Amino acid sequence: MQVFRGFRHPGVAPACALTIGNFDGVHRGHQAMLALLQTEARHRGLPSCVLTFEPHPRDYFAAVTKKPDLAPARIGTLRDKLTELAACGVAQTIVLPFDGRLASQSPDEFIQNVLIDGLGARYVLVGDDFRFGAKRAGDYAMLDAAGDAHGFDVARMNSYEVHGLRVSSSAVREALAEGRMADAHHLLGRPYTISGHVVHGRKLGRALGASEPGKDDGFRTLNLRFKHWKPAASGIFAVLVHGLADQPLPGVANLGVRPSLDANDVNAGRVLLETHCLEWPSHLGAEGAYGKIVRVELLHKLHDELRYTSLEALTAGIAKDGRDARAFFASTHAETHRQTTRDRI
């Protein structure tokens, strides 16, 4: 999949079958829409194209109005969004910066400047609640009329439901906020994951729980920055880590701002996914994970973030979280074994 920041690039296809949206989480509803887009693109001999926005329009208006509550919790990072869009077979994605200039465009200007002149849209697929242009004044009827006038087809996809439940980014955010990871998995069609480069931290974890003073064999962690201040999920989780070994590695992770650490933390103020592998891969040594891209599956929430009053209490808390994560994986393995046995009978 080709990715472009804006559409003023020579590599952007001169014509396309297009869908527009934020696609936060790329959930099962999004996947159904992208499958339809692929079908229509093949039928017309066009590349499929997703137009998405960064920042999220509601992030922009939250900043402009100084009302942070207007910003939605973010399900995934831009990296994860692009990965999932590519997995759905999208040919190109345009990441359009959402700024004051774009926000002030009238619906007619957006159609002319972006859809026609910018992307050469020949087919446009939108959701049933799609709005566009300044003050969200544009709707499906306006877009459909513009298609008739300018020679592109317009289609609308109704809400996607599973067992009567509307699949939406809002539903995924609610499940993640409440720690219902199995429900999030069901809505997404896959485990909830966060990926990124492993970055340096204070390296405090390796000293905590060390076998003896001065040794760095304690709770080594993989630090991934979540590049949004308001993640949909937060807390302590049992996880699987992909990208460090031939098999996924079980671990325990903290997603949040680590309230027990002080301002000297090099990642202070940033949301971080901090993962301790229950069995650290020996081939990595102490420094071998930095710079690698890993993918972390958040499988089961253990509890919310806690503030510990001392390093001793923090050490004990991390150790307990590790034991609880091991218990979760042991119970999961036992249940899988029981299910396999039942299937054979």
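Contact, on this tour, means heavy atoms within 4.5 Å. Keep that in mind as you click around, and remember that you are looking at a predicted model.

**Stop 1: colour by confidence**

Start by colouring the chain by pLDDT. The average is 89, and 88% of the residues score at least 70. Select strand 2 (residues 16-20) to see where confidence is highest, at 98. Then jump to helix 9 (residues 311-344), where confidence is lowest, at a mean of 78. As a rule of thumb, where pLDDT is low, the predicted coordinates should not be read in detail.

**Stop 2: the parallel sheet**

Now bring up the open sheet with strand order 1-4-3-2-5-6; its six strands pair in parallel. Strand 1 (2-5) and strand 6 (153-157) are the edge strands, and each of them pairs on one side only. Look along the sheet and you'll find neighbouring strands turned by 25° against each other on average, ignoring direction.

Zoom in on strand 3 (residues 48-54) and strand 4 (residues 92-97). These two run parallel and are joined by six bridges. Pick Cys49 and look across: opposite it, in strand 4, is Gln92.

Next, select helix 5 (residues 107-118), which packs on this sheet. Helix 5 touches strand 2, strand 3, strand 4 and strand 5 (121-127), and its direction makes about 130° with that of strand 2.

**Stop 3: Ala155**

Go out to strand 6 and select Ala155, which lies there. Which residues does Ala155 contact, leaving aside neighbours within four places in sequence? Show Tyr123, Val124, Leu125, Val126 and Tyr140: those are its contacts. While Ala155 is selected, draw a C-alpha to C-alpha distance to Thr19. The two are 136 residues apart in sequence but 9.7 Å apart in space.

**Stop 4: two backbone oddities**

Some background for this stop: most residues other than glycine have a negative phi, and most peptide bonds are trans.

Select Phe23 in the loop between strand 2 and helix 1 (28-44). Phe23 isn't a glycine, yet its phi is positive, at about 55°.

Then move to the loop between strand 3 and helix 2 (57-64), where Pro55 lies. Check the peptide bond joining Glu54 and Pro55: it is cis, with omega about 5°.

**Stop 5: a helix pair**

Hide the sheet and show helix 7 (residues 169-177) with helix 8 (residues 181-188). Their axes come within 8 Å and cross at roughly 160°. Angles over 145 degrees count as roughly antiparallel, and helix 7 and helix 8 are therefore roughly antiparallel to each other. Helix 7 passes helix 8 in a left-handed crossing.

Turn on side chains for the contact. From helix 7, pick Ala171, Val172, Ala175 and Leu176; from helix 8, pick Met181, Asp183, Ala184, Leu187 and Leu188. How many of the residues in this contact are nonpolar, polar or charged? Eight are nonpolar, none is polar and one is charged.

**Stop 6: the antiparallel sheet**

Finish at the other open sheet, whose six strands come in the order 9-14-11-12-13-10 with antiparallel pairing. Strand 9 (193-197) and strand 10 (222-225) are at the edges with a single partner strand each, so one side of each has no neighbour in the sheet. On average, neighbouring strands here are turned by 35° against each other, direction ignored.

For a last close-up, show strand 10 with strand 13 (residues 272-277): they run antiparallel and are joined by four bridges. Select Arg225 and you'll find Leu272 of strand 13 standing opposite.

Key: Residues numbered from 1 in each chain as written. Predicted model: local features only at pLDDT ≥ 70, side-chain atom pairs only at ≥ 80, totals over all residues. Heavy atoms only, no water. Axes fitted to C-alpha atoms, helices over the stretch in contact; angles between N-to-C directions. Parallel < 35°, antiparallel > 145°, perpendicular 65-115°, else oblique. Left-handed = near helix turned anticlockwise from the far one by under 90°. Nonpolar A, V, L, I, M, F, W, Y, C, P; charged D, E, K, R; others polar. pLDDT = per-residue confidence, 0-100. Pairing = 2+ DSSP bridges.
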